[in-house]
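Visitor: I should be grateful for a close look at a single part of this structure. Please begin with one residue and build the picture outwards from there.

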Amino acid sequence: NRGWGELDAAVADVQAAAQAGLPAAEYLMAELSAGFRGRAADQVAVREWFEKAAAHKHRDAQLQLGLMYLTGFGVKRQPELGFRWVKAAAEQGQPIACEQLGSLYFAGQGTQASEAEAFRWYQKGAAAGMLNAQSMLAQFYRNGTGTATNLEQARYWYERAAKGGWPQAQFCLSQMYALGECGLSKDRTQALKWLRAAAISG
């Protein structure tokens, strides 16, 4: 089959590039090792290729390796090591890693809990468009967690996350309209609108 043959040749090219130390190819080899053309996943190869790419500062590989160690997926669970790799990815601006790092600091998973650090990384994740980070940042501003209470900022970030389709933010925005909180006037129509949106999204 010509199509499969061309695909196999492309994979061989990727493997050659990966063996030559090209980080993007190493990352792709990890993805291919997770299952390709009906082949069983090779978790050892997945980890090894992610490790190679992560060592070459490929931020997506650093994130994936961190998540593997945090969850124990295909490797022995090591939260501290997982935290370090997620942090490395976040420090390179990987948006999902920024959001994850905020959650790790908030929960004290793989590191000492720090509301201030959680707030800082949720800020970065929120600015990068991560909806959960936006919702959590709103919560932090609303409750004065890791920062001073700022109801205007809380409303702003809840609205951004809600408009992006995040159900938790939609539900919180519904409550705020129902109760007239965070500078919003009571508005039954808006409260019901966002409650319905949360029910559909959630």
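Guide: Let us begin with Y105. This residue has a relative accessibility of 9%, and because buried means under 20%, Y105 counts as buried. The model is a predicted one, and that should be kept in mind throughout.

Y105 has an aromatic partner, F83. The two rings form an edge-to-face pair, with 5.3 Å from centre to centre and 90° between the planes. These are the two quantities that matter here, since a pair of aromatic rings is described by the distance of the centres and the angle of the planes. F83 has a relative accessibility of 8%, so F83 counts as buried. As for position, F83 belongs to helix 5 (residues 79-91) and Y105 to helix 6 (residues 95-107), so the pair ties together parts that are 22 residues apart in sequence. The structure holds 6 aromatic pairs. Ring pairs also link F106, Y122 and F140 into a cluster.

The residue F106 leads us from the ring pairs to the packing of helices. Two packed helices are described by the angle between their axes and the distance between the axes. For helix 6 and helix 8, the axes come within 9 Å and cross at roughly 40°. That angle makes helix 6 oblique to helix 8. Their crossing is left-handed. On the side of helix 6, the contact is made by E99, S103 and F106, while helix 8 contributes L131, N132, A133, M136 and F140. Sorted by class, the contact of helix 6 with helix 8 has 5 nonpolar, 2 polar and 1 charged residues. Two members of the ring cluster, F106 and F140, thus take part in this contact, one from each helix.

The remaining member of the cluster, Y122, directs attention to helix 7. The axes of helix 7 (residues 115-127) and helix 8 (residues 131-143) come within 8 Å, and they cross at roughly 135°. Helix 7 and helix 8 are therefore oblique to each other. The cut-off explains the word: angles over 145 degrees count as roughly antiparallel, and those from 65 to 115 as roughly perpendicular, so an angle of roughly 135° falls among the rest. Helix 7 passes helix 8 in a left-handed crossing. From helix 7, the residues in contact are E115, A118, F119, Y122, Q123, G125 and A126; from helix 8, they are A133, Q134, M136, L137, F140 and Y141. These residues divide into 9 nonpolar, 3 polar and 1 charged. Both Y122 and F140 appear in this contact, and both belong to the cluster of rings.

For comparison, consider another pair of helices. The axes of helix 10 (167-179) and helix 11 (188-201) come within 8 Å and cross at roughly 160°. Helix 10 and helix 11 are therefore roughly antiparallel to each other. Their crossing is left-handed. The contact is made by P167, Q170, F171, L173, S174, Y177 and A178 of helix 10, together with Q190, A191, W194, L195, A197, A198 and S201 of helix 11. By class, this contact has 10 nonpolar, 4 polar and no charged residues.

The loop between helix 10 and helix 11 contains C182 and K186. C182 has a phi near 55°, a positive value in a residue other than glycine. With a relative accessibility of 7%, C182 counts as buried. K186, at 67% relative accessibility, counts as exposed. Apart from its neighbours within four places in sequence, K186 is in contact with Y177, A178, L179 and G180. From K186 to A133, the separation is 53 residues in sequence and 26 Å in space, C-alpha to C-alpha.

A final loop, between helix 3 (43-55) and helix 4 (59-71), holds H58, and K57 is also found there. K57 has a positive phi of about 65° although it is not a glycine. At 60% relative accessibility, K57 counts as exposed, whereas H58, at 18%, counts as buried. Leaving aside its neighbours within four places in sequence, H58 is in contact with P23, A24, Y27, A53 and Q92.

Technical notes:
Residues numbered from 1 in each chain as written. Predicted model: local features only at pLDDT ≥ 70, side-chain atom pairs only at ≥ 80, totals over all residues. Heavy atoms only, no water. Axes fitted to C-alpha atoms, helices over the stretch in contact; angles between N-to-C directions. Helix = DSSP H or I, 4+ residues; strand = E, 2+ residues; numbered from the N terminus. Parallel < 35°, antiparallel > 145°, perpendicular 65-115°, else oblique. Left-handed = near helix turned anticlockwise from the far one by under 90°. Contact = heavy atoms within 4.5 Å. Nonpolar A, V, L, I, M, F, W, Y, C, P; charged D, E, K, R; others polar. Phe/Tyr/Trp six-rings, centres within 6.5 Å; stacked < 30°, edge-to-face > 60°. Buried < 20%, exposed > 50% of the residue type's maximum accessible area, 1.4 Å probe, protein only.
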